[in-house]
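Hi there,

Here is the structure I promised to pass on to you. Have a look at it first, and then read my notes underneath.

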Amino acid sequence: MPACYVYMLRCEGGSLYTGWTNDLPRRLAAHRGKKGARYTRAFASVALAWAELCPDKSAALRREAAVKKLPKAEKEALAAGFDPAHFVLLRPARPADAAAILDIFGWYVKNSTASFLYEVPAEGEYRRAIAAARGRLPWILAENALGELLGYACAHPWRYGRDAYAWDAETTIYLAPNARRQGVGGLLYQALLAALASQGYWNAYAVLADPNPESEAFHERFGFVCEGRQARSGYKNGWQGVSYWLLDLSGPGRSAPPAPPAPPAPLEAARLEELLAGALAGKGWRELAGLRPAGG
Ligand SMILES: CC(C)(COP(=O)(O)OP(=O)(O)OC[C@H]1O[C@@H](n2cnc3c(N)ncnc32)[C@H](O)[C@@H]1OP(=O)(O)O)[C@@H](O)C(=O)NCCC(=O)NCCS
């Protein structure tokens, strides 16, 4: 079940329209395009005034009915406490997102050593990469209720996808510089790691510029372990080192069987939506992937 939301739209004349949806960005676009509800066709919706994540459709329907019954002053109080810039949504990336993704990644290419690239990749390259990864390796976006991209996380084949590495994936995550330290990266990684673990990947690797203290702390928080460091591995504004980080996705206490397990399975779109909703609801990647908790 994808994430379900109850929301209010501010309409022309100041009135508030209440509805529920399991695809907030699409529903908002429908309202704006006069294809939403009869009310928002008659009184053009101006902006999202309030939204709330619900555990499932029946909870969303109950909450919608309750909000509809609230006096106007209480609806206005909900709207006053809502900040669309900090309301986070997760969704799978589409090829059309390549330009917005490169706006974020390009900042790091130009201004930091977090990426070892000198030049920002071409949009077409990213469009093709997102399209090619569909169903095989997750690309996940976080955006706010204003439709602004806050960050993304994705996975790539490890070591050029050589056959024997079929169970390994390399993870990447970049947040818009002003969206860091707000928990968004954590949401993205819970969903990304859950997707990889549910597909049957055994190892997630992250390769970090060394030093990159914020990313090290972030990966440690997820249980990644530093497997080694190499000084003077790349040259960008001087010699840079790299560190290699590994997370065992197979679950605590499980050891690799003597014969290779089945190769990672494709990820159904509906399953990915379910994992994104679970991450937004505060679930950790192990729980989402149906694994025992670490140390359990
Ligand atoms: C690393 C990065 C992805 C973290 O994302 P984020 O949204 O800022 O992280 P979150 O707010 O979800 O933090 C989750 C946890 O990570 C750790 N963490 C994140 N940033 C940290 C920092 N600057 N200092 C210390 N710990 C940090 C903390 O344990 C934090 O938990 P807490 O908030 O309860 O203390 C983000 O800082 C980033 O995009 N950095 C630049 C790009 C980069 O280096 N990417 C990695 C290359 S693969």
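Below is what I found, starting with the ligand and ending with the core. Please keep in mind that this is a predicted model.

**Around the ligand**
The ligand is surrounded by 21 residues, and the closest of them are L175, G185, G186, E214 and A217. Four elements each give two or more residues to this shell: the strands β7 (168-175) and β8 (203-210), and the helices α7 (184-199) and α8 (213-221). Helix α8 provides the largest share, with 5 residues. By type, the shell is made up of 10 nonpolar, 7 polar and 4 charged residues.

**An open sheet**
You will also find an open sheet of 3 strands, ordered β2-β1-β3 and paired antiparallel. Its edge strands, β2 (16-21) and β3 (45-54), each pair on one side only. From one strand to the next, the twist averages 20°. If you would like to trace one pairing, try β1 (residues 4-11) and β3, which run antiparallel and are joined by 8 bridges. Along the way you will see M8 standing opposite W50 in β3.

**The nonpolar core**
The largest nonpolar core holds 73 residues, and those touching the most other members are Y5, I140, L188, A191, L192, A194 and L196. Helix α7 gives this core its largest share, 11 residues. Where does the core lie with respect to domain 1 and domain 2? Both domain 1 (4-82) and domain 2 (88-288) contribute residues, so the core lies between them. Helix α7 is worth a second look, as it also gives residues to the shell around the ligand.

Enjoy exploring!

Best wishes

How values were computed
Residues are numbered from 1 along each chain as its sequence is written. This is a predicted model: local features need pLDDT of at least 70, side-chain atom pairs count only at pLDDT 80 or more; totals for chains, interfaces and linings use all residues. A residue is near a molecule or strand if its C-beta atom, placed from the backbone, lies within 6 Å of it. Ala, Val, Leu, Ile, Met, Phe, Trp, Tyr, Cys and Pro count as nonpolar, Asp, Glu, Lys and Arg as charged, and the others, Gly among them, as polar. Two strands pair if DSSP finds at least two bridges between them. Axes are lines fitted to C-alpha atoms, for helices over the stretch in contact, and angles run from 0 to 180 degrees between N-to-C directions. A nonpolar core is a set of buried Ala, Val, Leu, Ile, Met, Phe, Trp, Tyr and Cys residues joined through C-beta atoms within 7 Å. A residue is buried if 20 or more other C-beta atoms lie within 10 Å of its own, exposed if 12 or fewer, and partly exposed in between; C-beta atoms are placed from the backbone. Domain bounds come from an automatic or database domain assignment.
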